[in-house]
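Please look at the sequence and the structure together, and keep both in view while you read. The paragraphs that follow start from a single strand and work outwards from there.

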Amino acid sequence: MNNRIVSGRNAKLGGHIFEHNLSEYLSFKYNDEHIVFGSSKTKIDIQNISGTKRYSVKNPSGKNTQISLITQKKFIEALNITDSLVISFIEKFFGGNNYSDYNRHRMCISDIPSNETSAFLRLLNDNPDKLYELLFTTGHKQQGEVNYLAWATIKDDVNSIKIVDLELLKNTYLKGHWTVNETTLYYIVDGKKLLHLQMKGSGAKYSSGYHSLQFHLHNSFIN
């Protein structure tokens, strides 16, 4: 079996174990029972019984971790994109079967007309609220709404958890802007990377997952 597949399965198993440990930790800390609530149908990983605290859990091994993975089609649907320049950029930059002549079956910025790149950056920078909801709170056609982020500053250590109110994080988020280099888009806030966006780039090159939009959140918001 492919080593990357094995590593992915082990990571998922480890993630589930950590979420159960964290739910017990939060139950004790707040004297309020918490349960693991995660599924592919929601961005909520843990919530308290009353549903007033709904957490997205991040247990990174480094300074950033995936916050959202979404196919090109679903991203276009979620932001209601109709601009042909933006759609063309998405198809080229994140790639697919039509770009098999290019390395990794995608175009880089130097291959893409500048007006298409500008249109995509404008879309991201002009729709901060919609993008914030997609990435942090509701996702696309998912159930429930996250209102807290639980971030482990030390991997697998529940005692290192930082609880972040997403309404407060939103105030920080809205101060930023998107930029791009040859292969990656960055969201910069006060001179620091808060997010980056790239083609997923793992798995089979002909699969839709390989060419999905993968957003990563950096720990620059943690004091």
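**A walk through two sheets and their helices**

Strand 10 is covered on both of its faces, with Leu-213, Phe-215 and Leu-217 buried on one side and Gln-214, His-216 and His-218 buried on the other. Here buried means under 20% relative accessible area, whereas exposed means over 50% and partly exposed lies in between, using a 1.4 Å probe and protein chains only. Six of the six residues of strand 10 are buried. The alternation in that list follows a general pattern, since in a regular strand the side chains alternate between the two faces of the sheet.

Before going further, please note that this is a predicted model, in which local features need pLDDT of at least 70 and side-chain atom pairs count only at pLDDT 80 or more, while totals for chains, interfaces and linings use all residues. Residues are numbered from 1 along each chain as its sequence is written, and side-chain values use heavy atoms, with hydrogens and water left out. Helices (H or I, at least four residues) and strands (E, at least two) are DSSP runs, numbered from the N terminus.

Where does strand 10 sit in its sheet? The sheet is open and has five strands in the order 4-10-9-8-7, with antiparallel pairing, where two strands pair if DSSP finds at least two bridges between them. Its edge strands are strand 4 (64–70) and strand 7 (177–180), each of which pairs on one side only. On average, neighbouring strands of this sheet are turned by 25° against each other, direction ignored; for such angles, axes are lines fitted to C-alpha atoms, for helices over the stretch in contact, and the angles run from 0 to 180 degrees between N-to-C directions.

The pairs can now be followed across the sheet. Strand 4 and strand 10 run antiparallel and are joined by six bridges, with Ser-68 having Phe-215 as its bridge partner in strand 10. Strand 9 is joined to strand 10 by five bridges, also antiparallel; Leu-195 has Leu-217 as its bridge partner, and His-196 stands opposite His-216. Five bridges also pair strand 8 with strand 9 in the antiparallel sense, and Val-189 has Lys-192 of strand 9 as its partner. The hairpin of these two strands has two residues between the strands, and in this hairpin Asp-190 takes a positive phi near 50°. Finally, strand 7 pairs with strand 8 (residues 185–189) over four antiparallel bridges, and Thr-179 is partnered by Tyr-186 in strand 8.

Two helices that pack on this sheet come next. Helix 4 (residues 114–126) touches strand 7, strand 8 and strand 9 (192–199), and its direction makes about 155° with that of strand 7. Helix 5 touches strand 4, strand 7, strand 9 and strand 10 (213–218), and its direction makes about 110° with that of strand 4. In these descriptions, contact means heavy atoms within 4.5 Å. Within helix 5, Leu-131, Tyr-132, Leu-134, Leu-135, Phe-136 and Thr-137 are buried, and just after helix 5, Gly-139 takes a positive phi of about 70°.

How does helix 5 lie against helix 6, oblique or parallel? The axes of helix 5 (residues 128–137) and helix 6 (residues 166–173) come within 11 Å and cross at roughly 135°. That makes helix 5 oblique to helix 6, because angles under 35 degrees count as roughly parallel, over 145 as roughly antiparallel, 65 to 115 as roughly perpendicular and the rest as oblique. In this contact Pro-128, Asp-129, Leu-131, Tyr-132, Phe-136 and Thr-137 of helix 5 meet Leu-166, Leu-169, Lys-170 and Tyr-173 of helix 6.

Helix 6 leads on to another sheet, which is open and has five strands in the order 1-2-3-5-6, with mixed pairing. The edge strands there are strand 1 (34–36) and strand 6 (161–165), each pairing on one side only. Strand 5 (residues 148–152) and strand 6 run antiparallel and are joined by five bridges, and Ala-150 has Ile-163 as its bridge partner in strand 6. Helix 6 packs on this sheet, touching strand 5 and strand 6, and its direction makes about 75° with that of strand 6.
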